[in-house]
Amino acid sequence: MYEDEKLICEDCGSEFVFTAGEQEFYAQRGLVNKPKRCPECRKNRRQKNRRKLYEVTCSKCGCQTKVPFKPIEGKEVYCKDCYAAIKEAEQQNQESV
Ligand SMILES: [Zn+2]
Ligand SMILES: [Zn+2]
């Protein structure tokens, strides 16, 4: 049967355990390669791939929206619609000057 195996993470160089349970899980899925990274680095990579969205309240219409950047405290954030409306208004202002 399977035995716990110690592996070295390719990313951070730390030792991690490829447990018997994980090996069995890998085998069941037909995966022949051992994991190259520790669970921590694997998690980090997965999170990096997924774009993090921040839940914010639109300063203009008050609706809940998500933005792909970390909102700065005290700075106004807008939902997509309001942002587009503001941009449009700005452009019109510039044109009228
Ligand atoms: Zn690692
Ligand atoms: Zn809004």
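Student: How do strand 3 and strand 4 pair, parallel or antiparallel?

Tutor: Start with the direction of the two strands, then look for the bridges. This is a predicted model. In it, strand 3 (residues 54–57) and strand 4 (residues 64–67) pair in the antiparallel sense. The pairing runs over 4 bridges.

Student: Which residue of strand 4 is the bridge partner of T57?

Tutor: Q64 is the partner of T57.

Student: What should I look for in the hairpin of strand 3 and strand 4?

Tutor: Check the backbone angles between the strands. There are 6 residues there. One of them, G62, has a positive phi near 80°.

Student: Which other strands pair?

Tutor: Strand 1 (residues 5–8) and strand 2 (residues 15–18) run antiparallel, joined by 4 bridges. E5 has F18 of strand 2 as its bridge partner. This hairpin has 6 residues between its strands, and G13 takes a positive phi near 75°.

Student: How many helices and strands does the protein chain have?

Tutor: Count 3 helices and 4 strands. Then read them in order: the pattern along the sequence is β-β-α-α-β-β-α.

Student: Where are the domains of the protein chain?

Tutor: The assignment gives domain 1 as 5–49 and domain 2 as 54–96. Next, look at spacing. The centres of the two domains, taken over C-alpha atoms, are 41 Å apart.

Student: What does the radius of gyration of the protein chain say against that of a compact globule?

Tutor: Compare the value with the one expected for the chain length. A compact globule of 97 residues would come out near 13 Å, but the protein chain has 24 Å. The box gives a second view. Along the principal axes, the C-alpha atoms fill roughly 75 × 25 × 25 Å.

Student: What share of the residues is buried?

Tutor: Buried residues make up 3% of the 97 in the protein chain. Contacts add to the picture. Take those between residues at least 6 apart in sequence: 20% of them join residues at least 24 apart.

Student: Is Y78 buried or exposed?

Tutor: Count C-beta neighbours inside 10 Å. Y78 has 20, so Y78 counts as buried. The cut-off for buried is 20 or more. Y78 sits in the loop between strand 4 and helix 3 (80–96).

Student: Which residues does Y78 touch?

Tutor: Leave out residues up to four places away in sequence. Y78 then touches C58, S59, K60, Y83 and I86. For a separation, take Y78 and Q91: 13 residues apart in sequence, and 17 Å apart in space, C-alpha to C-alpha.

Student: Is M1 buried or exposed?

Tutor: Apply the neighbour count again. M1 has 5 C-beta neighbours inside 10 Å, so M1 counts as exposed. M1 lies in the segment before strand 1. M1 and K75 are 74 residues apart in sequence, with 58 Å between their C-alpha atoms.

Student: Why does helix 1 lie largely in the open?

Tutor: Judge a helix by its residues. Helix 1 (residues 20–28) has 9 residues and the number buried is 0, so helix 1 lies largely in the open. G30 follows helix 1, with a positive phi near 75°.

Student: Which elements have the lowest and the highest mean pLDDT?

Tutor: Begin with the whole chain. Its mean pLDDT is 90, and 98% of residues reach 70 or more. Then go element by element. Helix 2 (residues 39–49) has the lowest mean, 85, and strand 1 the highest, 97.

Notes. Residues are numbered from 1 along each chain as its sequence is written. Chains are lettered from A and ligands numbered from 1 in the order in which they are written. This is a predicted model: local features need pLDDT of at least 70, side-chain atom pairs count only at pLDDT 80 or more; totals for chains, interfaces and linings use all residues. A residue is buried if 20 or more other C-beta atoms lie within 10 Å of its own, exposed if 12 or fewer, and partly exposed in between; C-beta atoms are placed from the backbone. Domain bounds come from an automatic or database domain assignment. Two strands pair if DSSP finds at least two bridges between them. pLDDT is the predictor's confidence in each residue, from 0 to 100. The radius of gyration is taken over C-alpha atoms; the globule rule is 2.2 Å times the number of residues to the power 0.38. Two residues are in contact if their C-beta atoms, placed from the backbone, lie within 7 Å.
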